[in-house]
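Reader: I am new to this structure. Please take me through one part of it closely, and then show me how that part ties in with its surroundings.

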Amino acid sequence: NTGDSRVVTFDFRASDGEADSNTSTVTVTITGVNDAPTVVNAIPNQVAADSTFFSFQLDENTFHEIDANDVLSYSAQRLGGGALPSWLSFSAETRTFVGIPGRSDIGSLAIQVTATDTSAASVSQTFDLVVTTTLVVVTPTTVTLTDVGSTDEDEVGLTINGDNLVITLSGAVTEIPLAGLTEVVIQGGGGNDTLNLDLSRGRLP
């Protein structure tokens, strides 16, 4: 261990084949020096999805410290230097990465993790963190209006509620008096909404 000492003492005599010398004593002191930590297991590459919580904890046996009573500390940065992106944090105490990447973070990020002992000796290894996009397939709600308002073209107001709406106005003027439709309010929520107007046989005021 670092700083530990062991003293070994032994006696010896020299001989030329005819006579022996007097006995001498030699004392050897062995002092331990620090051994740097080593990599035991590679860090696996990780995948995160945008807008989704990400968490990854390094295994305890990722690095090894051979010196007894020595303690490792951990740090993480981009490969080649530089802080981690703002969405990703690293806890040295728990060896854990956490964060929520955004759409602008999609891509590959090389991360370097370093283990350092109390004598400032260290070792590093890297892994890739790939942020992918989250694809959501939404089936739209289709609303076809075939009888709006009244045939005498009184003013009419229309309110439609829903999400990811596809709204189609079609038909003859006698069926849909577009001239009397003065207001259409579409409350579509957070999705993408479409309003299709077929004016081939009618008109808006």
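Author: A definition comes first: strands here are DSSP runs of type E with at least two residues, numbered from the N terminus. The model is a predicted one. The part to look at is strand 4, which covers residues 46-49.

Start with Gln46. It belongs to strand 4. Is Gln46 buried or exposed? Its relative accessible area is 16%. The cut-off for buried is under 20%, so Gln46 is buried.

What does Gln46 touch, leaving aside neighbours within four places in sequence? Its contacts are Phe54, Phe56, Phe127, Asp128, Leu129 and Val130.

Now follow the side chains. In a regular strand they alternate between the two faces of the sheet. Strand 4 shows this alternation. Gln46 and Ala48 point to one face, and both are buried. Val47 and Ala49 point to the other face and are not buried.

Next, the partner. Strand 4 is joined to strand 11, residues 122-132, by four bridges. The two strands run parallel. Ala48 has Val131 as its bridge partner in strand 11. Among the contacts of Gln46 are Phe127, Asp128, Leu129 and Val130, and strand 11 spans residues 122-132.

Then move on to the loop between strand 4 and strand 5 (54-57), where Asp50 lies. Asp50 is buried, with a relative accessible area of 2%. Its side chain meets that of Arg103 in a salt bridge, at 3.2 Å from N to O. Arg103 lies in the loop between strand 9 (96-99) and strand 10 (107-116), so the pair ties together parts that are 53 residues apart in sequence. The two ends differ in cover: Asp50 is buried, whereas Arg103 is exposed at 54% relative accessibility. How many salt bridges does a search of the whole structure find? It finds one.

For contrast, look at a place on the surface. Val8, Phe10, Phe12, Val28 and Ile30 form a nonpolar patch there, with about 410 Å² of accessible area together. Strand 1 (5-12) and strand 2 (24-31) each give two or more residues to the patch. Strand 1 gives the most, with three. One of the patch residues is Phe10, which lies in strand 1. Phe10 counts as partly exposed, at 40% relative accessibility.

To recap, Gln46 and Ala48 share a buried face of strand 4, strand 11 runs parallel to strand 4, and Asp50 meets Arg103 in a salt bridge.

How values were computed:
Residues numbered from 1 in each chain as written. Predicted model: local features only at pLDDT ≥ 70, side-chain atom pairs only at ≥ 80, totals over all residues. Heavy atoms only, no water. Buried < 20%, exposed > 50% of the residue type's maximum accessible area, 1.4 Å probe, protein only. Contact = heavy atoms within 4.5 Å. Patch = residues over 30% accessible without salt bridge, like charges linked within 9 Å, V, L, I, M, F, W, Y side chains within 5 Å. Areas by Shrake-Rupley, 256 points an atom, 1.4 Å probe, with all protein chains shown as cover. Salt bridge = Lys/Arg side-chain N within 4 Å of Asp/Glu carboxyl O. Pairing = 2+ DSSP bridges.
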